[in-house]
Each structure stands twice: as C-alpha cells, then as structure tokens.
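Colleague: I should like to learn how to read a protein model. May we go through one together?

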Amino acid sequence: MIDSKQIPDDVLSVCRRLRQAGFEAYLVGGSVRDLLVGRSVGDFDVATNARPEEILGVFGARFSIPTGLQHGTVTVLVGEPPRQVEVTTFRGEGAYLDGRHPSVVTFGATLAEDLSRRDFTMNAIAYEPKAGAIIDLHQGQQDIARRLVRTVGDPMARFSEDGLRPMRAVRQATQLGFEVDATTLAAIPATLDAFRKVSAERVRDELLKLLLAPCPSHGIELMRQTGLLGEVLPELLATLECRQNRFHKHDVYQHSLATLDAVPAEPILRLAALLHDLGKPRTQTAQPEAPGEFAFFKHEYVGAEMVEAIAGRLRLSRAETELLVALVAHHMFFYTPDWTDGTVRRFVNRVQAERIASLFSLREADIASRGRGEDPACETRELRARIARVAAEDAALRVKDLAVNGADVMRVLGVGPGPQVGRVLNRLLERVLDDPALNQKDTLERLIPELASG
Ligand code: ATP
Ligand code: MG
C-alpha cells in the first residue's frame with residue numbers, strides 16, 4: 001500500500017501537470033520500492049509517455065534541464081526551495097552489444113515495456129498517484145514481502161546484457177537487508193565475463209554504497225559466494241582460513257568482516273576496516289615457542305602497499321587513496337602511559353591530526369573484533385586526552401607551524417631551493433616536537449647551521 005500523503009506535493013504536481021497536458025505519469029524505480037519497504041526515499045523518478053521535447057514544453061525551459069536527452073531524461077525543478085525530479089520517457093531498448101550500453105534507445109514505448117527493462121522486480125513497480133494504483137507486472141511486491149532481490153526475466157540474460165547488475169543486486173540486497181533469490185544468485189558466477197567489462201568507476205560506486213549498508217559484511221559474503229569478490233578484491237580471498245594467535249578468536253577474513261561492521265559508516269573508513277589486515281597472509285610466520293600460533297611482523301606496511309594498488313585499480317581520488325593508505329599503515333600503534341608528550345606529538349604528526357578520529361575508530365573496531373572481550377578503548381581513551389592536552393598547548397605539530405619557513409632556511413644557509421631545505425625543516429620539527437619552547441624564530445635560526453650538516 002502506498003498513500004499519496006507519503007509523496008511530496010512538488011512530486012505530485014509534476015505528475016499532475018503531465019497528466020493535464022494529456023500524458024501518462026507514474027512514479028517508478030527506487031522511490032516506489034522504498035515507499036513499499038517503508039524506507040526513506042532519496043530521489044523521486046517519474047516515467048511518462050511524453051517525449052523529451054514534450055516534457056520541456058510542459059515545464060518550460062526555465063524549469064527543465066535536458067540532462068540526458070539521448071536517454072530521454074529531463075530534470076524538472078519544482079517548488080520552493082526547488083526540488084529536482086527526473087522525468088524520463090518510457091524506454092524500450094534494443095540489444096546490448098557490449099554488455100554495458102543498449103545499442104539503441106527507442107522512444108514510443110509503453111509503461112509495460114519500460115518496466116520490463118528494469119533490473120529487479122522490486123525496482124519495476126509503478127505508482128499512479130491520481131488513481132492511487134500500483135502497477136506491478138513482475139510480482140515485485142511479493143518479492144519485497146519475501147525480502148528477495150530477483151531479476152525481471154531470465155537472470156542469465158539480464159546479467160549478460162549489463163554486467164554491473166550482479167553488483168547492483170548484491171549492493172541493494174545488502175542495503176535493504178534482503179537476500180538474493182537463489183536462481184538470480186546462481187546466474188552470477190556464470191556471467192562474470194560480462195561483469196569484467198564494466199568500468200572500474202561503476203564497480204567502485206557500487207562497492208562504496210554497499211560498504212555503507214547497516215551490515216556490510218552480508219554483502220561481502222554474497223560477493224565471495226558468487227565470485228564477485230575474486231574480481232573486485234581478490235587479495236581478500238587469501239585472508240580466508242588465515243590463522244592467527246591467542247589474541248584472536250577468528251581467522252583474518254572473519255576478523256576483517258567483524259571490523260568492517262563495527263566502524264562508523266564512512267566509505268573510506270569502512271574500506272580500510274575491511275582491508276586493514278590484508279598484509280597478514282604474506283607476513284604470516286610460525287611461532288616456534290607457541291605451536292599453532294602466528295606472528296605478522298610489519299603486516300600493516302605490506303598491507304598499506306597492497307591497498308594503494310587497490311585504490312588505483314578502483315580509481316579512488318588522491319585524497320581517498322592517501323586516507324586509506326594512512327589508516328592501514330598506522331593501525332598498529334600501541335599506546336602506553338609512558339609515552340612522552342614528544343611521542344604523542346610525533347604520533348599526531350605522523351598520522352596527521354585530521355585522520356586521528358578515523359584511525360581511532362578503526363583501532364577500537366579492530367580490538368573489539370578480536371572476539372576476546374577486551375576493552376576496545378583501552379588505548380584510545382587516554383591517548384585521545386593526551387592529544388587534546390598537547391593540542392591545547394598550541395605546540396607546533398607540522399612543518400608549516402614552525403616559526404621559520406623555507407625562505408628563512410635558504411637565507412641563513414645562503415643556498416637556493418633544493419631537497420636540503422625540506423630536510424632541515426623536518427629536523428627542526430623533530431626538535432620542536434620534543435621541546436615546543438624551541439619554536440621561536442631566533443632560536444630555530446641558530447639551530448639551522450648545525451642541522452644542515454650531516
Ligand atoms: P538507489 O536507492 O541506489 O538510488 P535505485 O533503485 O533508485 O536505488 P538508481 O541507480 O537510482 O537505483 O536507478 C533508478 C532505477 O532505474 C532503478 O530502480 C531501476 O528500475 C532502473 N535501473 C537502474 N540501473 C539499472 C540497470 N543497470 N539495469 C536496469 N535497470 C536499471
Ligand atoms: Mg535512485
């Protein structure tokens with residue numbers, strides 16, 4: 001059941017104006033699904049038999065933007081503040097020649113044709129607001145009630161047409177807490193060839209959405225069972241059955257999934273949690289004094305190199321890559337109360353202040369996921385307080401906070417730009433981290449000559 005009161009007036013008015021101009025207008029896709037599931041709706045999409053030029057005619061050039069004319073999409077602006085509603089002409093499509101794009105999009109299609117080319121039954125339901133009618137030609141409501149993601153039509157054919165759909169099935173099931181219908185799931189391994197043709201950017205977007213779900217490990221498991229994980233993050237498969245030691249209840253894979261579920265829902269933090277121990281299989285070393293137990297020396301640095309390669313493959317941005325690499329590389333800190341203020345400052349300098357909160361979330365989730373009942377905040381609680389204290393003293397923590405800059409170094413040494421300048425600034429910073437009182441222009445300038453040699 002859908003009640004028109006759940007739909008914003010602006011969206012209803014878009015349908016009304018199309019109807020008054022003699023066209024059909026339906027809400028379709030994710031918005032209808034989310035209304036039926038009882039989930040908050042992101043975007044409202046409208047499907048109509050009006051052609052793009054006719055949609056522009058109904059709303060006027062000032063209030064409609066032809067965002068994807070070749071696909072028949074016009075973005076209509078309604079209400080105050082303006083809301084964007086995507087209005088799309090019913091699509092009937094020709095064959096998919098390359099597994100990614102339909103070779104032709106034909107207009108003049110019917111609602112039924114439009115619904116039958118949609119991916120899953122739950123996404124192929126239309127709602128006509130004036131009559132309050134639900135048009136459900138593929139038993140989408142029944143699948144929603146059974147909490148199942150099922151393709152419209154033969155899954156082998158639908159997954160071969162567009163190789164991203166298996167990933168969408170897994171992602172949407174994970175977001176909704178649904179299962180993937182058995183026949184639909186079984187078609188995924190057989191259509192991985194089509195999946196391999198999909199651009200890295202589209203896969204990345206699906207993966208990051210999946211990771212933000214309430215229980216993302218469910219999606220990673222679905223990916224593993226269907227072979228998608230071997231395509232997207234093959235490195236993770238090596239963590240399966242990778243045994244650890246007395247500090248851990250789980251193998252590295254199960255521990256990684258538990259850590260993933262335990263960190264706050266931020267995309268790169270979630271990805272870092274999933275991949276934080278990726279270096280363990282390669283560094284696993286037997287412990288002669290503890291039979292059956294293993295050590296993983298420097299696994300965080302091996303892991304950091306591995307996630308850098310993954311970030312490149314997934315086309316993450318530079319900032320995302322740097323955050324991911326830093327979180328993995330620094331996740332093994334061991335705070336003890338005998339850290340000096342200098343050690344605390346150097347730690348913040350190494351990790352970078354803006355990443356501390358995420359790193360601590362990762363560390364706490366990591367400890368909680370060992371499954372041995374330890375206090376997850378045993379280190380971070382006190383270290384957090386120590387960091388706040390040294391920050392309050394307004395001590396220099398980075399090169400740019402020093403009382404001298406590169407120009408001062410060059411002037412004192414009588415040299416031009418070069419790597420030596422940066423080296424001297426870093427050595428000055430090391431001194432200041434240990435003794436913030438040194439951070440005075442004349443004091444630092446006196447130190448420059450001795451730090452420049454050697
Ligand atoms: P989300 O909540 O992620 O936005 P959504 O279902 O709205 O979920 P969109 O990507 O916004 O997903 O797509 C809108 C609608 O277009 C879908 O509900 C589905 O009907 C259709 N659709 C999207 N991608 C595909 C695809 N690859 N193949 C077939 N139909 C698709
Ligand atoms: Mg959507």
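The dialogue below treats the domains, a pair of helices and a ligand site.

Modeller: Please keep in mind throughout that this is a predicted model.

Colleague: Into which domains is the protein chain divided?

Modeller: The chain is divided into domain 1 (4-140), domain 2 (147-232), domain 3 (242-393) and domain 4 (399-453). Taken over C-alpha atoms, the centres of domain 1 and domain 4 are 63 Å apart.

Colleague: How does one read the packing of two helices, and at what angle do α21 and α22 pack?

Modeller: Angles of 65 to 115 degrees count as roughly perpendicular. Here α21 (residues 406-413) and α22 (residues 419-434) pack at an angle of about 110°, and their axes lie 9 Å apart. The two helices are therefore roughly perpendicular to each other.

Colleague: Which residues of α21 and α22 meet?

Modeller: From α21, the residues are G406, V409, M410 and L413; they meet Q420, V421, V424 and L425 of α22. Sorted by class, this contact has six nonpolar residues, two polar residues and no charged residues.

Colleague: Let us turn to the ligand. Which residues surround ligand 1?

Modeller: The surrounding residues are G29, G30, R33, R117, R118, D119, N123, D162, R165, R168, R171 and Q172.

Colleague: Where do polar atoms of G30, R118 and Q172 lie with respect to ligand 1?

Modeller: A polar contact is a pair of N or O atoms within 3.5 Å. In R118, a polar side-chain atom lies 3.0 Å from an oxygen atom of ligand 1. For G30, a backbone N or O atom lies 3.2 Å from a ligand 1 oxygen atom. Q172 places a polar side-chain atom 3.4 Å from an oxygen atom of ligand 1.

Notes
Residues are numbered from 1 along each chain as its sequence is written. Chains are lettered from A and ligands numbered from 1 in the order in which they are written. This is a predicted model: local features need pLDDT of at least 70, side-chain atom pairs count only at pLDDT 80 or more; totals for chains, interfaces and linings use all residues. Side-chain values use heavy atoms; hydrogens and water are left out. Domain bounds come from an automatic or database domain assignment. Axes are lines fitted to C-alpha atoms, for helices over the stretch in contact, and angles run from 0 to 180 degrees between N-to-C directions. Helices (H or I, at least four residues) and strands (E, at least two) are DSSP runs, numbered from the N terminus. Angles under 35 degrees count as roughly parallel, over 145 as roughly antiparallel, 65 to 115 as roughly perpendicular and the rest as oblique. Contact means heavy atoms within 4.5 Å. Ala, Val, Leu, Ile, Met, Phe, Trp, Tyr, Cys and Pro count as nonpolar, Asp, Glu, Lys and Arg as charged, and the others, Gly among them, as polar. A residue is near a molecule or strand if one of its heavy atoms lies within 4 Å of it. A polar contact is a pair of N or O atoms within 3.5 Å; within protein, one must be able to donate a hydrogen and the other to accept it, and residues adjacent in sequence count only if both atoms are side-chain atoms.
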